Amino acid sequence: MSQPLPRFWAVVPAAGVGARMAADRPKQYLTVAGRTVLEHTLACFLDHPALLGVVVSLADHDPYWPHLACATDGRIRRAAGGRERADSVLNALQVLQEQGAADEDWVLVHDAARPNLARSDLDRLLSMLADDPVGGLLAVPARDTLKRAGADGRVSATLDRSTVWQAFTPQMFRLGMLHRALADCLVAQVTVTDEASAIEWAGQAPRLIEGRGDNLKVTRPEDLDWLRQHWSGRG
C-alpha cells in the first residue's frame, strides 16, 4: 500500500510585470482557455487533496486580482509582493508563520506563470521528497548542446550537458529552513533567482526530481500561443 502524500502549503509569487511579453498587463493576468494564466496555475494546487492552503504574493494596488473568481477562495491568503522574487517569497512565508504553520511544514513555491504543471509531476515531487532531509525541485536534464557566451557574443566554451539540468518549479522545502536561507541571503545581499539557490547558499544540496518538459513558464508571446494550441477545447 502506497504512503499518503505529505500535506503542504503552496506559495505563488505573482508580483512581476512580465516585460518581455510586451502586453497591456502582467503576463499572469493574460487569458488562455477562458481563464487567466494565474487562475490555471492556482488550480494545479487548489484541486489537490493534500493542500493546506495557498499564499499569493501580489503587487501593491494590483488592479486585476480582485476581479478573479479565486480571489475570494478561503484557502488563499495574500502577501505583499517585494522588489525581488526572494522578497515576495519571504513575505509569503511570514504570512504562513502568522497563520500558525510549523517550521517543519512543507512549502511548495511555484511560478505564477507556469500553468501547465501536471498532477503526476506534483505527486511525484511530493512522494519522492516526503522524507528528504533537505527538499528539492522539479527539473529536466538538458537536451540540447549548451554554449557559454563570451562578452563579445561568441562561444567561449561548450558545456558538458550530462551534468546540467534546467530548474523548474515547484520547489519544495521545509518552511523554517527556507525562511532562514532566504532571510540570510537578503541580509548578505546575495542574489538568488530561485529558492533552491538560497538553500544551496546555506550549504545544502537540493534533490533534483525529473519532471515533464512541458511544464513551461510563460515568458514570451510564443509560450502563450503554445498553450492556446495545446489547450484547445479546454475551459
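Colleague: In this predicted model, is Phe-45 buried or exposed?

Modeller: A residue counts as buried under 20% relative accessible area and as exposed over 50%. Phe-45 has a relative accessible area of 0%. Phe-45 is therefore buried.

Colleague: How many of the ten residues of helix H1 are buried?

Modeller: Helix H1 covers residues 37-46. Its buried residues are Val-37, Leu-38, Glu-39, His-40, Thr-41, Leu-42, Ala-43, Cys-44, Phe-45 and Leu-46. The rest of the structure therefore largely encloses H1, and the count of buried residues is ten of ten.

Colleague: What kind of pair do the rings of Phe-8 and Phe-45 form?

Modeller: Two aromatic pairs turn up in a search of the whole structure. For Phe-8 and Phe-45, the ring centres are 6.3 Å apart and the planes meet at 65°. Planes over 60 degrees apart count as edge-to-face, so the pair of Phe-8 and Phe-45 is edge-to-face.

Colleague: How many residues apart in sequence are the parts that this pair ties together?

Modeller: Phe-8 belongs to strand E1, while Phe-45 belongs to helix H1. The pair therefore links parts whose separation in sequence is 37 residues.

Colleague: How many residues of strand E1 are buried?

Modeller: In a regular strand, side chains alternate between the two faces of the sheet. In E1 one side carries Phe-8, Ala-10 and Val-12 and the other Trp-9, Val-11 and Pro-13, and all of these are buried. Phe-8, for one, has 0% relative accessibility. E1 is thus largely enclosed by the rest of the structure, with a buried count of six of six.

Colleague: Which residue in E4 stands opposite Val-11?

Modeller: E1 pairs with strand E4 (residues 51-58) in the parallel sense, over six bridges. Opposite Val-11, in E4, is Val-55.

Colleague: Which residue in E6 stands opposite Phe-8?

Modeller: E1 also pairs with E6 in the parallel sense, over four bridges. Beyond its neighbours within four places in sequence, Phe-8 has contacts that include Phe-45, Leu-52, Leu-108 and Leu-126. The residue opposite Phe-8 in E6 is Trp-106.

Colleague: Which strands stand at the edges of the sheet?

Modeller: The sheet is open, has seven strands with mixed pairing, and follows the order E5-E4-E1-E6-E10-E7-E11. Each edge strand has a single partner strand, so one of its sides is left without a neighbour in the sheet. The edge strands are E5 and E11.

Colleague: What is the average twist from one strand to the next?

Modeller: The value is an average taken from each strand to the next. It comes to 30°.

Colleague: Which residue in E10 is the bridge partner of Trp-106?

Modeller: E6 and strand E10 (residues 165-174) run antiparallel and are joined by four bridges. Trp-106 has as its bridge partner in E10 Arg-174.

Colleague: What angle does the direction of H1 make with that of E4?

Modeller: H1 packs on the sheet, where it touches E1, E4, E5, E6 and E10. The angle between the direction of H1 and that of E4 is about 160°.

Colleague: What angle does helix H2 make with E1?

Modeller: Helix H2 (residues 85-98) packs on the sheet as well, touching E1, E4, E5, E6 and E10. Its direction and that of E1 make an angle of about 145°.

Colleague: Which element supplies the largest share of the largest nonpolar core?

Modeller: That core has 32 residues, and Phe-8, Leu-38, Leu-42, Phe-45, Val-54 and Trp-65 touch the most other members. At least two residues come from each of E1, H1, E4, E6, H3, strand E7 (135-141) and E10. The largest share is five residues, from H1.

Colleague: How many residues are in the other core?

Modeller: This core lies apart from the largest one. Among its members are Leu-90, Phe-173, Cys-185 and Ala-196, and its size is 27 residues.

Colleague: Which residue's backbone oxygen does the side chain of His-110 reach?

Modeller: His-110 sits in the loop between strand E6 and helix H3, yet it is buried at a relative accessible area of 0%. Its contacts include Val-11, Thr-41, Phe-45 and Asn-215. At 2.7 Å, the side chain reaches the backbone oxygen of Arg-114.

Colleague: Is Gly-74 buried or exposed?

Modeller: Gly-74 lies in the loop between E4 and E5. Its relative accessible area is 58%, and the cut-off for exposed is over 50%. Gly-74 is therefore exposed.

Note on methods: Residues numbered from 1 in each chain as written. Predicted model: local features only at pLDDT ≥ 70, side-chain atom pairs only at ≥ 80, totals over all residues. Heavy atoms only, no water. Buried < 20%, exposed > 50% of the residue type's maximum accessible area, 1.4 Å probe, protein only. Polar contact = N/O pair within 3.5 Å; in protein donor to acceptor, adjacent residues only side chain to side chain. Contact = heavy atoms within 4.5 Å. Pairing = 2+ DSSP bridges. Axes fitted to C-alpha atoms, helices over the stretch in contact; angles between N-to-C directions. Phe/Tyr/Trp six-rings, centres within 6.5 Å; stacked < 30°, edge-to-face > 60°. Core = buried A, V, L, I, M, F, W, Y, C linked by side-chain atoms within 4.5 Å.
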